[in-house]
Amino acid sequence: MIEVKDICKSFGNLQVLKKVSLTVNNGDVVAVIGPSGSGKSTMLRCINRLEVIDGGSISVDGAEINGNDKQIRKIRQNMGMVFQSFNLFPHLTVYDNIALAPRLIHRKKKEELDPLVDELLQKVGLRDKKDSFPAQLSGGQQQRIAIARALAMKPNYMLFDEPTSALDPELIGEVLVVIRQLALEGMTMIIVTHEMNFARDTADRVVMMDGGQIIEEGAPDRLFQDPENERTRAFLHSVIGRQ
Amino acid sequence: MDFSWLPAYGGMFFEAFFLTLKLALMAIATGTVLGVAAGILLTSRFRLIRGIVRVYVELFRGSPLLVQLFMVYFGLPHVGVNISLNMTTVLVFTLYGGAYIAEITRSGIEAIPKGQWEAAESLGLNYFQTMGHVIFRQTLKIAFPSLVGFYIGMIKDSSLASVIGYSELVKKSQTIMNMTARPFETYIVVGLCYFIICFPLSKLVSYIEKRSEAK
Amino acid sequence: MFLDWLFPIYHLPELLRGAAVTLETSAAAFLFSFFLGMLFAIVRFHKKPLVLYPIVTAFVEVFRNTPLLVQLFFIYFGFPQFGIMLSPMQAGMLGLVANSASYYSEILRGGIQSIPKGQWEAADCLGLSRPQVFTRIICPQVIRDTFPSITNQMVLVIFGTSVLSILDVKELTQVASILNSQSFRSMEIFTFVMLLYYGVTTLALAVCRFCYRRWFAAKTERR
């Protein structure tokens, strides 16, 4: 379980998160939507401590994150992150990108790594790209590899920071398919996204953020159909009207 | 112009040429070790470490090599430290090269997109694992042209060691020049020796640069 | 082991005179080599005039791939063999300018090559003459784009003047050497001189940054 309590975060004079609270139980798939600058990505990055909060607390599996390096690394090993710009390691093959962390941290040997990488590539549908380099792959393929890399550590949680925002439209679908499959398998996920239809179909809960706060939260059907908050309504209208 | 003396002195030139290469290679090796270490320290999150290394780098990049040679060669005995000419020369070139290579290394590391660090950290890798497996190899690729370019410069800079009496090509050629009384031709040959090493190397560097840009 | 760190201060007048020579020589060498380098760059870029191109290329490659010291010795000791006697300063300047111009040739040539073809075409279409296109359109952009390399080479010219001390030109390093042989206060003198060079180059770079901001940055960035 991930518990975010009243967190605040400022960048210089700009306060990006204003007392944000969120609880994610095991098995939950939470979609976070909202306009640019609402703090969605920042909140996500605070959870795996890529950003440090100025106030409030974040607890993972009951233990509060307190700034201890060892603890942070352990949490990150149990929490996969998928970035908007993939961030694959360009000098390593697909195989090495996926196998790097298990090899260094879990000290897995080749006999264990081969089937692991194979299974993950199968899962994301890219078994034949094992020896390719990231530069040789399309955006959609790179992002799927990035997902496989994050899954290699067998995390209990997966964080997605606008996973399809940097992709050409025709490549978005193949990535969403993989994420949806993960959701169906029961992975606990927080997905920051602009893909409204995807959020509606896949999430258990949708969280709407604006101006550094969570202004509405609820079941996808209810929130999309009949939003309570004015700003939610306005946002959905401007986004879905175009989709 | 008269090069008839060349066959007689050819052997001496050859020997002296190798002395220059020996010095240059040694300086390159030690300078790189120091420089890379200093460059990594320049990216440390501790202000004090960065500050100390920065002072060293600024000083040795902000003054002429000749002055550095004089300072160490004349200055150390003056404060009671007596080391051989060989060691003095290698020491100065190491410090000089280290400062420039530190800057090259630092800018190479800082050129790596932040996303690479974030991806490695998100996987739970620690600083050393991240540096060793993800960052450093990419740094090498980025810094390679500047690094080799600097090495070529070191080969030419080694000529200044002659001023403090170190035996390399220029120093030896002065002896030859005195014996043949033909400074013009002598220095043409000396220049040629440097040229046949430096010219192909610098062409190689531009070739590699063009190739990596074309990709 | 007694170190008298005030020693260089007592001799400040001489050292500053040496520094003045350094600055004057550097400034002159920088200006001459920059303009000569620009001419070389133009010849090398256009590959015309056909007669000059191979000569300039050979010149540039020779002076870029041999040490400054060897070039200075070649001029100062070699030329008299054919009756050309040069004073230390003349030989020094000649060598320094030839050396630096070769580096500027490559820096500026690279800059000219990276100007998009569209710039030349637009300028031509406006009816500007070739020299006008170059001086008003291309050149400013080249200088703006290669500014860091230009200032870097300028610093190398300042350092290059120290090598002139070998020929007994009375610039800063030579003044320091003479002072050293008279007093043997080596550590103090050369440390002071090292810091002096550092100060001079830092100042020069700050002036360059100021010039850049005033002439280039304002027009191209930050809307």
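Buried area is the accessible area that two parts lose on being put together, summed over both. Keep that idea at hand for this tour of a predicted model.

**Stop 1: chains B and C**

Colour each chain differently, then show chains B and C together. Of the two pairs of chains that touch, B and C have the most contacts. The contact draws 41 residues from chain B and 39 residues from chain C. How much area is buried between chain C and chain B? It is about 3,400 Å², and carbon and sulfur atoms give 75% of that area. Now select C:Asn65, C:Gln81 and C:Met194: in chain C, these residues lose the most area to chain B, together 19% of what that side buries.

**Stop 2: a salt bridge and the helices around the contact**

Next, select B:Lys203 and C:Glu61 and show their side chains. These two residues form a salt bridge, with their closest N and O atoms 3.2 Å apart. The rule finds one salt bridge across this interface. If you are wondering about polar contacts, the count between chain C and chain B is eleven residue pairs.

Switch to a cartoon view and pick out the helices of chain C. Five of them, H3 (52-64), H4 (68-78), H8 (147-163), H9 (172-183) and H10 (186-220), each supply at least two residues of the side that touches chain B. Which helix gives the most to that side? Highlight H10(C), which gives eleven residues. You can also colour this side of chain C by residue class: you will find 23 nonpolar, twelve polar and four charged residues.

**Stop 3: rings in chains B and C**

Time to look at aromatic side chains. Over all chains, a search of the whole structure finds 30 aromatic pairs. Begin with B:Phe17 and B:Phe18, a tilted pair at 6.1 Å centre to centre and 50° between the planes. Is B:Phe17 buried or exposed? B:Phe17 has a relative accessible area of 11%, so it is buried. Its partner B:Phe18 is partly exposed, because its relative accessibility is 46%.

Now move to C:Phe59 and C:Phe63. Their ring centres are 4.6 Å apart and their planes meet at 35°, so this pair is tilted. Trace the backbone between them: C:Phe59 and C:Phe63 are four residues apart in helix H3 of chain C, so about one helical turn separates them. C:Phe59 is partly exposed, with 28% relative accessibility, whereas C:Phe63 is buried, with a relative accessible area of 14%.

Before leaving the rings, select B:Phe3, B:Trp5, B:Tyr9 and B:Phe13. Ring pairs link these residues into a cluster.

**Stop 4: chains B and A**

Hide chain C for a moment and bring chain A into view beside chain B. Here 19 residues of chain B are in contact with 23 residues of chain A. The area buried between chain B and chain A is about 1,800 Å², with carbon and sulfur atoms giving 59%.

How many salt bridges does the rule find across this interface? There are two salt bridges between chain B and chain A. To see one of them, select B:Glu121 and A:Arg76, whose closest N and O atoms are 3.9 Å apart. Eight residue pairs are in polar contact across the interface of chain B and chain A.

On chain B, highlight helix H5 (114-122) and helix H6 (127-157), since each supplies at least two residues of the side that touches chain A. H5(B) gives the most to this side, with eight residues. By class, the side of chain B that touches chain A has five nonpolar, eight polar and six charged residues.

Bring chain C back and look across from chain A. No contact joins chain A and chain C, and their closest C-alpha atoms lie 21 Å apart.

**Stop 5: A:Phe86**

For the last stop, zoom in on A:Phe86. You will find A:Phe86 in the loop between strand S6 (79-82) and helix H3 (94-105) of chain A. A:Phe86 counts as buried because its relative accessibility is 11%, and buried means under 20%.

What does A:Phe86 touch, not counting residues up to four places away in sequence? Select A:Gly139, A:Gln142, A:Gln143, A:Ala146, A:Arg149 and A:Leu167 to see these contacts. Finally, add A:Met1: it is 85 residues from A:Phe86 in sequence and 26 Å away in space, C-alpha to C-alpha.

Terms used: Residues are numbered from 1 along each chain as its sequence is written. Chains are lettered from A and ligands numbered from 1 in the order in which they are written. This is a predicted model: local features need pLDDT of at least 70, side-chain atom pairs count only at pLDDT 80 or more; totals for chains, interfaces and linings use all residues. Side-chain values use heavy atoms; hydrogens and water are left out. Contact means heavy atoms within 4.5 Å. Buried area is the accessible area (1.4 Å probe) that two parts lose on being put together, summed over both. A salt bridge is a side-chain nitrogen of Lys or Arg within 4 Å of a carboxyl oxygen of Asp or Glu. A polar contact is a pair of N or O atoms within 3.5 Å; within protein, one must be able to donate a hydrogen and the other to accept it, and residues adjacent in sequence count only if both atoms are side-chain atoms. Ala, Val, Leu, Ile, Met, Phe, Trp, Tyr, Cys and Pro count as nonpolar, Asp, Glu, Lys and Arg as charged, and the others, Gly among them, as polar. Rings of Phe, Tyr and Trp (its six-membered ring) pair if their centres lie within 6.5 Å; planes under 30 degrees apart count as stacked, over 60 as edge-to-face and the rest as tilted. Buried means under 20% relative accessible area, exposed over 50%, partly exposed in between (1.4 Å probe, protein chains only).
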